[in-house]
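Let's take a friendly walk through the open and closed spaces of this protein, and then stop at a few residues along the way. Keep the viewer open as you read.

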Amino acid sequence: MQLHLYEFDLPMRHVFTISRGSVVVQKTLIVDLEENGLHGYGEATANPYYGATIENMAAALAGVRADIERWSPGDPAQFWDALHPALREHPFAHCALDQAAHDLWGKKAAAPVYRLWGLNLDHLPPSNYTIGIDSIEKMVAKLQEFPGWPVYKIKLGTEHDLEIVRQLRRHTDAVFRVDANCGWTADETIRNAAVLRELNVEFIEQPLPAEALDQMPRVRAESLLPIIADESCGVPEDVARCHGCFHGVNIKLVKCGGLTPARRMIAQARQLGLKVMVGCMTESTVGISAIAQLLPQLDYVDMDGAVLLAQDIATGATVQRGVCQYPPQDGNGVQLTAKPLRTLA
């Protein structure tokens, strides 16, 4: 087994803005696990909000290189558990490694990962297409650039949030989801929910800051729309804390540490009666193809990351007008198609 680490730049199709900042070029780390000519690929994007940089992710993985390269690819969950004590403080890095382990596992077994888990593709939720914060005119243009999607996710957290949704509603009958990314207050959320329900909004994602969890039982009780946790639900221990505060949870692979903990969070959420969503962090097709393996287990999904890019770096699962198209390759189905900005190890 050999560990390779690559850095890529992912240029965005448009400046991608949420309530706490903008991205023009998304930096990402690709893990490549190579054994006997087979390659398993995984990904984690850099994210300043969560303190994840290319350098600290690469350093964390380099620190356990010997343990990684001793692994004889078997059950990726056992591999994840073995390395969790060393990578506990580096979930983004662990995510990229775990995705690569699953991809290699499936390629060695000559089957897609979802099939090795005993899943089928009979019932798959559609993905939304995300419209980042911009002028209303540009947000309308972004919607019109990708017509025909069944669901659009609208980033909010401005002084004109309701007007944004009203104007976008004039141009499509599709379902809307809104994501305030911690940009609202409790009272604002409750007021906005009444208006947004009339505009065919399906749910509100993370309206309050994560540290305002004590206010969420009231918001959940008084909101006329379901409330989905994102920043409030990062790791498996958070799922139980979200019970009674949210109607569902949005699980991000990079935040929890990969496919292995994500599956455990899904199971726990189901036991608690919470709806389950998996979201992306503007990953390339490498990360999106990992999310695709979980799709049969989900109520909602946001896996449009590669669609938001001006240039991709891999082939694998794709999303066309909200519908996931699975590749014929095994594992997560990933093949790199671009040269890295630099090789880190």
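By class, the residues that line the largest pocket split into 11 nonpolar, 9 polar and 11 charged. This is a predicted model, and in it that pocket holds about 530 Å³ of space. Its lining counts 31 residues, and those closest to the centre are Phe 16, Ile 18, Arg 20, Val 23 and Asn 47. Three elements give two or more residues each to this lining: S1, strand S2 (21–35) and strand S5 (151–155). Which of the elements supplies the largest share of the lining? Strand S2 does, with 6 residues.

The second largest pocket has a volume of about 160 Å³. Here 13 residues form the lining, and Trp 80, His 84, Arg 88, Val 235 and Cys 256 lie nearest the centre. Helices are the contributors to look for: helix H3 (76–87), helix H4 (91–109) and helix H10 (236–242) each supply at least two lining residues. The largest share, 3 residues, comes from H3. By class, this lining divides into 7 nonpolar, 4 polar and 2 charged residues.

Now for the enclosed space. A search of the whole structure turns up 1 cavity of 30 Å³ or more, and the volume of the largest cavity is about 80 Å³. Met 12, Arg 13, His 14, Val 15 and Phe 16 are among the residues that line it, as are Tyr 129, Thr 130, Ile 131 and Gly 132. Lys 142 and Leu 308 are also part of this lining. Strand S1 (2–18) and strand S4 (129–131) each give at least two residues to the cavity lining, and S1 gives the most, with 5. Phe 16 is worth a second look, since the residue appears in the lining of the largest cavity and also among the residues closest to the centre of the largest pocket.

Here are the three spaces side by side.

| Space | Volume | Nonpolar lining residues | Polar lining residues | Charged lining residues |
|---|---|---|---|---|
| Largest pocket | about 530 Å³ | 11 residues | 9 residues | 11 residues |
| Second largest pocket | about 160 Å³ | 7 residues | 4 residues | 2 residues |
| Largest cavity | about 80 Å³ | 6 residues | 3 residues | 2 residues |

Staying with strand S1, have a look at Thr 17, which is placed in that strand. Is Thr 17 buried or exposed? With a relative accessible area of 16%, Thr 17 falls under the 20% limit and so counts as buried. Its side chain makes a polar contact with the side chain of Ser 22, at 2.6 Å. Beyond its neighbours within four places in sequence, Thr 17 touches Ser 22, Gly 132, Ile 133 and Lys 155. Gly 132 also belongs to the lining of the largest cavity.

Another element to pick out is helix H7 (residues 161–169). Because 7 of its 9 residues are buried, H7 is largely enclosed by the rest of the structure. The buried ones are Asp 161, Leu 162, Ile 164, Val 165, Gln 167, Leu 168 and Arg 169. Their cover includes helix H6 (136–145), S5, strand S6 (175–179), helix H8 (186–198) and strand S7 (201–205). S5 is also one of the elements that line the largest pocket.

Next, the cysteines. How many disulfides does the structure hold? The count is 0. Cys 182 is in no disulfide, and the nearest cysteine sulfur, in Cys 242, is 12 Å away. For Cys 245, the closest cysteine sulfur is again in Cys 242, at 6.8 Å, which is too far for a bond, because a disulfide needs the two sulfur atoms within 2.5 Å. Cys 182 is buried at 16% relative accessibility, and Cys 245 is buried at 8%.

Finally, two backbone details. Gln 206 has a positive phi, near 40 degrees, although the residue is not glycine. Its place is in the loop between S7 and helix H9 (216–222), and at 1% relative accessibility Gln 206 counts as buried. Arg 321 also has a positive phi in a residue other than glycine, near 50 degrees. Arg 321 lies in the loop between strand S13 (318–320) and strand S14 (323–325). At 51% relative accessibility, Arg 321 counts as exposed.

Note on methods:
Residues are numbered from 1 along each chain as its sequence is written. This is a predicted model: local features need pLDDT of at least 70, side-chain atom pairs count only at pLDDT 80 or more; totals for chains, interfaces and linings use all residues. Side-chain values use heavy atoms; hydrogens and water are left out. On a 1 Å grid over the protein atoms alone, a cavity is a set of points where a 1.4 Å probe fits but cannot get out, and a pocket is an open set with protein on both sides within 12 Å along at least five of seven lines; lining residues have an atom within 4 Å of a point. Grid points are joined across faces, edges and corners, and a volume is the space filled by probe spheres set on the points. Helices (H or I, at least four residues) and strands (E, at least two) are DSSP runs, numbered from the N terminus. Ala, Val, Leu, Ile, Met, Phe, Trp, Tyr, Cys and Pro count as nonpolar, Asp, Glu, Lys and Arg as charged, and the others, Gly among them, as polar. Buried means under 20% relative accessible area, exposed over 50%, partly exposed in between (1.4 Å probe, protein chains only). A polar contact is a pair of N or O atoms within 3.5 Å; within protein, one must be able to donate a hydrogen and the other to accept it, and residues adjacent in sequence count only if both atoms are side-chain atoms. Contact means heavy atoms within 4.5 Å.
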